[in-house]
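Colleague: I would like to learn how to read the surroundings of a bound ligand, step by step. Could we begin with what counts as a polar contact?

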Amino acid sequence: MQNPFDLSGKVALVTGANTGLGQALAVGLAAAGADIAAVGRSTPDETKAEVKALGRKFHFIKADLGDASVVGDVMDAAVQNLGTVDILVNNAGTIKRNDALDFTEDEWDTVMNVNLKTAFFLSQAFARHVTGADKGGSIINIASMLSFQGGIRVASYTASKSGIAGLTKLLANEWASKRINVNAIAPGYFATNNTTALRADEKRNAEILGRIPAGRWGQPSDLSGAAVFLASEAGAYVHGAVIPVDGGWLAR
Ligand code: NAP
């Protein structure tokens with residue numbers, strides 16, 4: 001029987017793949033057989049080496065995803081270098097912390113543009129590409145615990161991650177019939193650059209760890225299995241789901 005999690009022959013476009021969760025997602029998809037188009041600002045040398053070591057192709061597309069107008073060029077570059085793209089992972093994201101009373105328009109726009117606006121328009125470019133090629137595909141959005149909860153001092157981040165959960169369901173409703181699976185993974189608390197400040201704050205660190213049933217911060221590689229599942233034949237009938245990978249955080 002064929003392995004239902006096999007991604008051989010597929011191409012995955014992963015945003016923000018130079019570090020953290022995006023790096024682990026790219027390497028995890030490559031380990032399952034996919035070639036990787038990495039999109040972002042910083043050159044992903046480490047990710048490239050890991051993907052190549054797995055025997056997969058790797059192509060880097062330099063782009064600032066704070067500007068949604070780049071999406072057409074990004075898709076074109078991926079297709080030119082690796083062929084039809086089958087999987088899109090909207091992972092690139094940023095966060096700004098400030099009291100809601102003091103929150104600036106720049107702190108709002110910077111986060112919303114990368115986390116929500118570009119994620120939507122890149123999904124649109126991807127969907128036009130696969131439907132144009134008469135193929136299906138998978139979109140995996142990276143959501144957050146703040147797709148379900150309010151958080152504090154992160155107004156634009158919470159709005160963007162609640163928005164991405166809603167958008168995941170809307171796009172699933174519109175595109176499931178076009179053989180495009182749109183789903184999201186909601187990571188709990190993971191040890192990456194994004195959470196350096198939280199982990200460095202002894203009080204917050206202890207509070208967070210005390211609430212995670214698994215008793216530890218997530219490691220980026222903890223996310224890969226869910227992504228491979230959603231991108232593969234095994235997840236073919238999964239549409240519009242926001243799947244927590246959180247060590248049990250939401251169960252508390
Ligand atoms: P990270 O280590 O800070 O990585 C963020 C990635 O996004 C980096 O590759 C970064 O590129 C890229 N990025 C940010 N702004 C960009 C822009 N304007 N243009 C292009 N790329 C940009 O954070 P992470 O923890 O791996 O986060 C990855 C995703 O998971 C984000 O969507 C985040 O919200 C989400 N998430 C993380 C956690 C967690 O606990 N870590 C929990 C829930 C959700 P540069 O390196 O060039 O800045």
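Modeller: A polar contact is a pair of N or O atoms within 3.5 Å. In this predicted model, an oxygen atom of the ligand lies 2.9 Å from an N or O atom in the side chain of Lys161.

Colleague: Which backbone atoms should I look at around the ligand?

Modeller: A backbone N or O atom of Leu65 is found 2.8 Å from a nitrogen atom of the ligand, and a polar backbone atom of Gly188 is 3.4 Å from a ligand oxygen atom. Taken on its own, the ligand has 880 Å² of accessible area, of which the protein covers 91%.

Colleague: Where does the ligand sit, and which helices supply at least two residues each of the shell around it?

Modeller: The ligand sits in the largest pocket, and both α1 (20–31) and α5 (155–175) supply at least two residues each of its shell. Of the 28 residues around the ligand, those that come nearest are Asn18, Arg41, Ser42, Tyr157 and Thr192. Sorted by class, the shell holds 14 polar, 11 nonpolar and 3 charged residues.

Colleague: Turning to a single residue, is Ala226 buried or exposed?

Modeller: A residue is called buried when its relative accessible area is under 20%. Ala226, which belongs to helix α8 (residues 224–231), counts as buried because its relative accessibility is 16%. Although Ala226 and Ile185 are 41 residues apart in sequence, their C-alpha atoms are 7.3 Å apart in space.

How values were computed:
Residues numbered from 1 in each chain as written. Predicted model: local features only at pLDDT ≥ 70, side-chain atom pairs only at ≥ 80, totals over all residues. Heavy atoms only, no water. Near = heavy atom within 4 Å. Polar contact = N/O pair within 3.5 Å; in protein donor to acceptor, adjacent residues only side chain to side chain. Areas by Shrake-Rupley, 256 points an atom, 1.4 Å probe, with all protein chains shown as cover. 1 Å grid on protein atoms, 1.4 Å probe; cavity = no way out; pocket = protein on both sides within 12 Å on 5 of 7 lines; lining within 4 Å. Sits in = over half its atoms within 2 Å of the grid points. Helix = DSSP H or I, 4+ residues; strand = E, 2+ residues; numbered from the N terminus. Nonpolar A, V, L, I, M, F, W, Y, C, P; charged D, E, K, R; others polar. Buried < 20%, exposed > 50% of the residue type's maximum accessible area, 1.4 Å probe, protein only.
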